[in-house]
Amino acid sequence: MKIEFEHRQAAHCESGVTSNLLRISSNSKITEPLAFGIGAGLFFAHIPFIKINNGPAIAFRTLPGHIFNRTCKSLGIPVTRKKFSSKEKAESFLQECLNNGHPVGCQVGVYYLPYFPKEYRFHFNAHNLIVFGKDQDKYLISDPIMENATVLDSYQLERVRFAKGALAPKGHIYFPEMGTAITDKQIKQAIKNGIKKNVYAMLRIPGSFAGVAGIKSTGNKIKKWRDKLGLQKAGSYLAQMVRMQEEIGTGGGGFRYIYAAFLQEADSWLPGNQLADISVMFTKAGDLWRTAAVQAAGIYKGRIGSQEDFNVMGNYLLEIAELEKNAFLALKNIKWQ
Amino acid sequence: MKKDEVPQDLSSLGKITKEVCYATDSTGKYVTELSSGWDVKIKALDVAWEDIAKRISAAKEQVLNKQASPLLFFMEYRLMDLSILADYTGFWKWQIKQHLKPAVFEKLSDQKLQKYADAFNIKVEDLKSMTVHED
């Protein structure tokens, strides 16, 4: 059984899955950057008191599931989503969807994902892929970060759908209703809504750990890491931050480049709102994140490591915070034409 | 980032798949470009695995010195913390803490040992003898 579906590689798993699942309804208009922007995907958070893999819990994107939900909701597309306590029920529901011709999104853990290289397998449970058919015992899998479509057998798929730990997927399956056409008017409105939500997330969330305030606060913390943690552990912390920022699934520059691409596309949907100019600000932010990553690498490679080097590192984040604050203020102040 | 600056340093992922990056072309327009990896993040990943290797060997030593049961070794080996192991086995975290003591571990029933072995994807004998088969 094979459903008509074309695998397309993407930078980020969730925006890739969202855009690929909406391809038919949107007549290919919902690209990956549009899904990311409409879903208000850009974020920064440094959660205090929590450690991930013995390092800091830093995120450059919004919570898992938000991009798909917000995008579909904004575009007025009804969504089916289910979680399961029983593995058998989870598989029979999947079969039923495929029999009805639905490609479906699945949340999975990557620790036991066989086609991932071992070095990338951590207990990370918010990865997303699409199942689009079954051939004998093999499920046909479109994993947006892979160049080509792949397969998983029933056991392999069950194991990743029922991975345990933080954000356990519990067989989470989701898909948009088929056959709902998306109008250009809806897309334009959804872009505006997405920008508004992202402005809120980056500028208005109270507390000092999220949004541009979070970037600033992390910048100040980094300056203290050398004394507080010792050079080696501080290096490991920086390495973890760089992985969250640059690793597979980010599109580079802590998702800032995807967001810049979104604003550039948004500009052709809603011309006359300076979105292309604001896009350039996010490109600069992405570039600066990468410059900071090079500085961090100098520290965790042991090439540099003085307090001054940590100050430079922290100051990069302060500079980024200022730049992103101004970019989001520009978005906030748009008088839509 | 400009399209021709997208890094092409071969990473362990790059051998299996290239990854999509968003970058600007000569006119400033965003396009996608495939990258086979970036030295800066290859090293970041190396650092993560070097840290893990240290934790595994420290755990091994503790087990050999009878300061901890083999559970500690396999937790580190499988990158698990107490919460993840509790979720996989159905034990409470305080129970696992008890089972981390060699004397308590010695007396665990086969049934309980099997739960741990399943969580670590290994055999019970290997759990007891701290034997690793590469998978």
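Domain 1 of chain A meets domain 2 of chain A through 32 residues on the domain 1 side and 34 residues on the domain 2 side. The model is predicted. Chain A also touches chain B, with 42 residues from chain A and 29 residues from chain B in that contact.

**Domains of chain A**

- The domain assignment places domain 1 at 13-176 and domain 2 at 184-332.
- Their C-alpha centres are 24 Å apart.

**Domain 1 side of the domain contact**

- Four elements of chain A each give at least two residues to the side of domain 1 that touches domain 2: α2 (32-38), β1 (42-52), β2 (55-61) and α3 (66-74).
- β1(A) makes the largest share of this side, with 7 residues.
- By class, this side of domain 1 has 19 nonpolar, 10 polar and 3 charged residues.

**Chain A side of the contact with chain B**

- Three helices of chain A give two or more residues to the side that touches chain B: α8 (231-246), α9 (256-269) and α10 (275-300).
- The largest share comes from α10(A), which supplies 8 residues.
- The residues on this side divide into 19 nonpolar, 14 polar and 9 charged.

**The two contacts in brief**

- Within chain A, β1(A) is the leading contributor on the domain 1 side that touches domain 2.
- Towards chain B, α10(A) is the leading contributor on the chain A side.

Definitions and conventions
Residues are numbered from 1 along each chain as its sequence is written. Chains are lettered from A and ligands numbered from 1 in the order in which they are written. This is a predicted model: local features need pLDDT of at least 70, side-chain atom pairs count only at pLDDT 80 or more; totals for chains, interfaces and linings use all residues. Two residues are in contact if their C-beta atoms, placed from the backbone, lie within 7 Å. Ala, Val, Leu, Ile, Met, Phe, Trp, Tyr, Cys and Pro count as nonpolar, Asp, Glu, Lys and Arg as charged, and the others, Gly among them, as polar. Domain bounds come from an automatic or database domain assignment.
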